[in-house]
Amino acid sequence: MNDQDIQYEQLLNPTLVDLKPSGIRRFFDIASEMEDVITLSLGEPDFTTPWHIREEGIRSLERGHTWYTSNAGLLQLREAIAQFTHRHSHVQYDPKNEILVTVGGSEAIDLGLRALLRPGDEVLIPEPSFVCYEPLTRMAGGIPVPLVTRSEDAFRLTPEALRAAVTPRSKLLILPYPNNPTGGVMRRRHLEAIAEVVKEHNLFVLSDEIYGALTYGGESHVSFASLPGMQARTLLISGFSKAFAMTGWRLGYVCGPAPVMKQIVKLHQYALMCAPTTAQYAAVDAMRNGDDDITRMRGEYDTRRRFIVDELNHMGLTCFEPEGAFYVFPCIRSTGLTSEEFCQQLLMEKHVAVVPGTAFGDSGEGFVRVSYCYSLSHITEAMKRIGEFLQEHAVKPAAQD
């Protein structure tokens, strides 16, 4: 038998085959093969990991710390995560049996879904939202149920929308706030209203708070697990990539009730053994000594946020002011183009890469995601080119006050 005789379609998992590739990476891959492209497509901080964090990773190598850690991660890192989470989110977790160090936040999400879902369980997912929730739900045997959020509501999930979507098969609610791609944030009063529905229908919650440290305005981020009665029915997901500019270190964590965490650790144990040892030693220093780094980078992002929102609105691309993460989600309907058409033409004509809103769910049609985790000079040139693109497509700038 030669390779041509092998029926690969009969070998492969049909659920996986049916999944679409990431719309984020597709545009990035096209842009990477072009010259003179300015990309605002990825959620990767332009900051280098702070030196004191890198130095701790280097020291760990010099000391020969190159072995496996425990499956759950270094105890000193779990202790540091517990302290950090208590300090910033006002939630107390036992580092011995309620915290797991993972290979990025995405692994934590995958493990949480696989540990909780039975075939046919429904997972309620606000949209637009990060690209991984729906495919990971399907691969875990669950049924994703999109909950459409609207720009008029600042892309927040409303209790009315949640209550209307609940069925007897509903098992899990994903709360992706601060939100990627919209920058929407759920403040305490909004979360309290959601918590009432969660209790009413006995839902479990996966709260993805990877952008929690990057919240702007006068109110700090509120963890869903910090609300009365919610810690016992919540998995808190976070990591180091966004707040500490540690994308390449591939480190995240999940915190939750011990009975659930026991099963999540088991999955992690068989699939990956443990997170990278060098990254874990570096992360201890990030948790203990990185608060000033977060403040500094958040201040830079805030400056870029206000600049890019003003620029887009002035061009005629209506854009609500995001309160978290490092993305804006302008409406491009005034161009008469679909999200895909807008992004393709902008890339080919002006060599600027942004992501179509449909990469984050069907409800993203009419919007694009623009990342501002790039330098101000980088963003300024991109805004200039987008302005030229809009003029050439007869989109009028907003009237001056």
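# A predicted model: cavity, sheet and packed helices

Reader: Which residues line the largest cavity?
Author: The largest cavity (on a 1 Å grid over the protein atoms alone, points where a 1.4 Å probe fits but cannot get out; lining residues have an atom within 4 Å of a point) is lined by residues numbered from 1 along the chain as its sequence is written, and side-chain values use heavy atoms, with hydrogens and water left out. The model is predicted: local features need pLDDT of at least 70 and side-chain atom pairs count only at pLDDT 80 or more, while totals for chains, interfaces and linings use all residues. The lining consists of Leu175, Tyr177, Pro178, Val185, Met186, Leu191, Ser207, Glu209, His221, Val222, Ser223 and Phe224.

Reader: How much space lies in the largest cavity?
Author: Searching the whole structure yields one cavity of 30 Å³ or more. Its volume is the space filled by probe spheres set on grid points, which are joined across faces, edges and corners. For the largest cavity this space is about 70 Å³.

Reader: How many residues of each class line the largest cavity?
Author: Ala, Val, Leu, Ile, Met, Phe, Trp, Tyr, Cys and Pro count as nonpolar, Asp, Glu, Lys and Arg as charged, and the others, Gly among them, as polar. On that basis the lining has eight nonpolar, three polar and one charged.

Reader: In what order do the seven strands of the open sheet lie?
Author: Strands (E, at least two residues) and helices (H or I, at least four) are DSSP runs numbered from the N terminus. The pairing (at least two DSSP bridges between two strands) is mixed in this sheet. The order is E2-E8-E7-E6-E5-E3-E4.

Reader: Which strands stand at the edges, each with a single partner strand?
Author: An edge strand has a single partner, so one side of it is left without a neighbour in the sheet. The strands concerned are E2 (99-102) and E4 (143-148).

Reader: Which residue of E7 stands opposite Val205?
Author: E6 (residues 204-208) pairs with E7 (residues 234-239) in the parallel sense over four bridges. Leu206 has Leu235 as its bridge partner in E7. Opposite Val205 stands Thr234.

Reader: What angle does the direction of H6 make with that of E7?
Author: H5 packs on the sheet with contacts (heavy atoms within 4.5 Å) to E2, E7 and E8 (252-255), and its direction makes about 110° with that of E2. H6 (residues 104-116) also packs on the sheet, touching E2, E5 (170-175), E6, E7 and E8. Angles run from 0 to 180 degrees between N-to-C directions of axes, lines fitted to C-alpha atoms, for helices over the stretch in contact. For H6 and E7 the angle is about 160°.

Reader: Which residue of E8 stands opposite Ile237?
Author: E7 and E8 pair in the antiparallel sense over four bridges. Ser238 faces Tyr253, and Ile237 faces Val254.

Reader: How many residues of E7 are buried?
Author: Thr234, Leu236 and Ser238 point one way from E7, and Leu235, Ile237 and Gly239 point the other way, all of them buried (under 20% relative accessible area, 1.4 Å probe, protein chains only). The count is six of six.

Reader: What is the relative accessible area of Ser89?
Author: Ser89 lies in H5 (residues 75-89). Not counting residues up to four places away in sequence, Ser89 touches Phe84, Ser223 and Ser226. Ser89 is buried, at 11%.

Note on methods
Buried means under 20% relative accessible area, exposed over 50%, partly exposed in between (1.4 Å probe, protein chains only). On a 1 Å grid over the protein atoms alone, a cavity is a set of points where a 1.4 Å probe fits but cannot get out, and a pocket is an open set with protein on both sides within 12 Å along at least five of seven lines; lining residues have an atom within 4 Å of a point.
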